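Biologist: I'm new to this one. Could you show it to me and explain the words you use along the way?

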Amino acid sequence: MSQLPREELQRVARQTLLPGFGVAQQEALHGTHVFVIGAGGLGCPLMQQLAAAGVGEISVIDDDTVDITNIHRQILFGAGDVGRPKVEVASERLRQLQPGIVVHAIRDRFSASNALEYLRGVDILVDGSDTFATKFLAADAAEVTGIPLVWGSVLRFRGDCALWWSGPGAKACVGMRDLYPTQPDPDSVPDCATAGVLGVTTSVVAGLMATELIQFASGMNRERTGLLSIYDSLTASITHFRVPHDPARELVTELPDGYAPTACSVSEPEDDAHTMLRDLRDGAVAIDVREAGEKAIDDFFFDATTEHYHLPTSVWHDDPTTALSLLDAIAGEDSRHVWVYCASGKRSGDFVSTFAEEAAGRSITVHNLPGGISAQDGTLHGMPGTSPGTP
């Protein structure tokens, strides 16, 4: 006699007809407590699938609110949810899928100071985060506690998925640090503001992650630990690699005080937004090197008298003469100041370092806005203005 409510057995009846997946496996799934980091592009479809499949308890941690730009991939949300806490909306949707599910909506950020406390009583950890700092923290927290980790990442048209299990009590000993021993330097990874992601890719990778979790939690198959699956959405192909444990690597036994974020920025403390605005009012020029899609997400205008241009990084990277032509158009009889900006300060810093000498030859001094517009706390927003010009 099953311990599951009759309504739940009816809801998942088609699943329990599968070869090797019966009522006993369904009960094991129902008794699993899953902790999900991030109610985003991976977390939303994954939680949807887990709740539908019959996972009985889900904790989800996220400190963000729903934004209109989330909806193309974060499928638990709709346009009417904009501005609401993500975990609040997610918990409502999951209970609609499985009325008896226990959902813990945690509006917080997963950090070194709270990770181990949050993981008490958790059976499986899911990393649906989108930063290297959080991914390494999640991997280390899983290894310290010996909790299996379902891990995934998506960038552009590619997605990766694996199940790691290492640390106390692990029957297999391979963790994420066996694949990535150290956190990458910010400059070694694609720019966080321009990489982009195909929304449906997150759902495919989340489905792969959910399948790994269901196999493991139900006891169907626990031989896939350390198997890395790489999905290419453009070819609809999946490549598998077996990641071995590095015997020379010492297991993580405690979490350090903090994990450095992989922020894409260029530090130039002598330049700031206030200096930029003062110069623009005095006749300086602004160049936006973000991509067109970023402008649609977060556009802003300067004073109507400001000379303001848009030259996407992808354009001048492919054809540097476009930047030189723009500098020629900006140059005048007198020396001029040009401020270059992007979301984080990295691409604008690249522009400045690449063309500073050419600009100087045209009596132009180029400045980078450190930290980009995302670090300005509204300093650059809300100004009256006009649409930017073209080079």
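Modeller: Sure, starting with helices: they are DSSP runs of H or I with at least four residues, strands are runs of E with at least two, and both are numbered from the N terminus. A helix's expected span is 1.5 Å times one less than its number of residues. This is a predicted model, where local features need pLDDT of at least 70 and side-chain atom pairs count only at pLDDT 80 or more, while totals for chains, interfaces and linings use all residues. Residues are numbered from 1 along each chain as its sequence is written, and side-chain values use heavy atoms, leaving out hydrogens and water.

Biologist: What makes the length of helix H7 close to what is expected?

Modeller: H7 covers residues 199-218, which is 20 residues, and its first and last C-alpha lie 29 Å apart, against an expected 28 Å. Just after H7, glycine 219 has a positive phi of about 85°.

Biologist: Why is cysteine 161 called buried?

Modeller: Buried means under 20% relative accessible area, exposed means over 50%, and partly exposed is in between (1.4 Å probe, protein chains only). Cysteine 161 has 1%, so it is buried. Cysteine 173 has 34%, so that one is partly exposed. As for H7, 14 of its 20 residues are buried.

Biologist: How many disulfides does the structure hold?

Modeller: Zero. To count, a pair of cysteine sulfur atoms has to be within 2.5 Å.

Biologist: Why are strands S10 and S12 said to stand at the edges?

Modeller: Two strands pair if DSSP finds at least two bridges between them. The open sheet has four strands, ordered S10-S9-S11-S12, with parallel pairing. S10 (307-310) and S12 (364-368) each have a single partner strand, so one side of each is left without a neighbour in the sheet.

Biologist: How do you know that S9 and S10 are joined?

Modeller: Four bridges link S9 (residues 285-288) to S10, and the cut-off is at least two. Isoleucine 287 stands opposite tyrosine 309 in S10.

Biologist: Which strands does helix H8 touch?

Modeller: H8 (residues 273-281) packs on the sheet, touching S9 and S11 (336-341). Contact means heavy atoms within 4.5 Å. The direction of H8 makes about 135° with that of S11; axes are lines fitted to C-alpha atoms, for helices over the stretch in contact, with angles from 0 to 180 degrees between N-to-C directions.

Biologist: What makes aspartate 246 partly exposed?

Modeller: Its relative accessible area is 36%, so aspartate 246 falls in between the two cut-offs. Aspartate 246 sits in the loop between strand S8 (237-242) and H8.
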